[in-house]
Amino acid sequence: MSVQWYPGHMNKARREIEDVMTQVDIVIEVLDARIPDSSQNPMLNTLRGEVPVLRLLNKKDLADRERLDLWLTHWQGNATIMAHPFSTLDKADVAKISQWVSQMVPHRGSAEKPIRAMIAGIPNVGKSSLMNALLGKRVAKVGNEPAVTKSQQKLKVTNGFQILDTPGILWPKIENPDASYRLAVTGAVRDTAIDYEDVALVGLKFFMTDYTDALVSRYKLKNMSTDAYDVLKVIGSKRGALRSGGKVDMHKSAEVFLSDVRTGAIGPYVMETPEMIAHEERLVEEAKAKKEAARLARLAAAVPQRQQASNLAYRQAQKNKADSDTLDASEIENTDNKQ
Ligand SMILES: Nc1nc2c(ncn2[C@@H]2O[C@H](COP(=O)(O)OP(=O)(O)OP(=O)(O)O)[C@@H](O)[C@H]2O)c(=O)[nH]1
Ligand SMILES: [Mg+2]
């Protein structure tokens, strides 16, 4: 099972990004610091080609710095990639952008040749917030839900720097099912495209193993069960997510929990490490190889059957021909006899 969300406006946005990529000097890819790998859009990476990328690990205020540093080390040494923990709410961070961008595009930055930067990324990571922060005023609509921006918007930051805000895009098939759930947990997927309870349980299992103390302390859990469903029920009852009659409403409990996760009420966290992603990628590759092997086996099994069928048809045709030749000959004989 995995979560997939690729509405029509994203495909249109992808084509528009492709169209303008040749006029872009640098991509500012806004990532979610809580999912540094899963918030990277592989489609954007392909469209970017050799264009350098400044990766802003946004919402650093919600992220666990120790784990975030693992990613910064992991990406070191690539000339076309620069990555920084970031928050659109942190004025000092915003002020550093033009300096980072100039470092990566040293040959541009004048009024005649401004640095043309494209802000891109998955939905709800803070692209429009970044645009507003850079401009120092509200020029783009911001909202705590995915797909707020629906079309591109270009603005001049200074004479030497212009930026283009783009709609958040995901991609047609998220191959790693675990990653797709993490995207849903952190809020990059529209709520109507997910099963709240499923997504909350994935998030809860993660906190139960990786940030146990923060979870226990947030909900004052005593003797926490090892079963996520039971824990979600306890959270729901403690937070008043009840149906008439006093039974816990699991959907409401899931909503309450996911809202806490997304706003950072449980505490700072990062859901993935480079090691864990490498392991998941191996699993994805293994699953793909298994599927391909099964497809080839089906094909191989079908070939002899097809071969047998065609052999049979050939033999039948030969036999029919032989029968008809005999018939013809006997007809000739018969005619001969008549003469
Ligand atoms: N905690 C925190 N929230 C942030 C930060 N930056 C942006 N946000 C919030 O993230 C949410 C999404 O922000 P947007 O700027 O609309 O995100 P977007 O990437 O433009 O979203 P789409 O246009 O839907 O793709 C809003 O609620 C912002 O207030 C940050 O640094 N920290
Ligand atoms: Mg936006």
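Is Lys-113 buried or exposed? Lys-113 is exposed, because 12 other C-beta atoms lie within 10 Å and a residue counts as exposed at 12 or fewer. The model is predicted.

Lys-113 sits in a loop. That loop runs between α4 (91-104) and β4 (115-121). Phe-161 is 48 residues away from Lys-113 in sequence. In space, the two are 8.8 Å apart, C-alpha to C-alpha.

Now the core. The largest nonpolar core holds 67 residues. Ile-28, Ala-117, Ile-119 and Phe-257 touch the most other members. Helix α7 (residues 196-210) gives the most to this core, seven residues. Domain 1 (8-165) and domain 2 (195-272) both contribute residues, so the core lies between them. In soluble globular proteins, nonpolar side chains tend to be buried together.

Take Ile-119. Neighbours within four places in sequence are left aside here. Beyond them, Ile-119 is in contact with Ile-28 and Val-30. Lys-127, Leu-130 and Met-131 are also among its contacts. So are Ile-163, Leu-164, Asp-165 and Thr-166.

Next comes ligand 1. The shell around ligand 1 has 24 residues, and Gly-126, Ser-128, Asn-144, Thr-149 and Gly-168 come nearest. Helix α5 (residues 127-135) supplies the largest share of this shell, three residues. The table splits the shell by residue class.

| Class in the shell around ligand 1 | Count |
|---|---|
| Nonpolar | nine residues |
| Polar | twelve residues |
| Charged | three residues |

Key:
Residues numbered from 1 in each chain as written. Chains lettered and ligands numbered in written order. Predicted model: local features only at pLDDT ≥ 70, side-chain atom pairs only at ≥ 80, totals over all residues. Helix = DSSP H or I, 4+ residues; strand = E, 2+ residues; numbered from the N terminus. Buried ≥ 20, exposed ≤ 12 C-beta atoms within 10 Å, placed from the backbone. Near = placed C-beta within 6 Å. Nonpolar A, V, L, I, M, F, W, Y, C, P; charged D, E, K, R; others polar. Core = buried A, V, L, I, M, F, W, Y, C linked by C-beta atoms within 7 Å. Domains from an automatic or database assignment. Contact = placed C-beta atoms within 7 Å.
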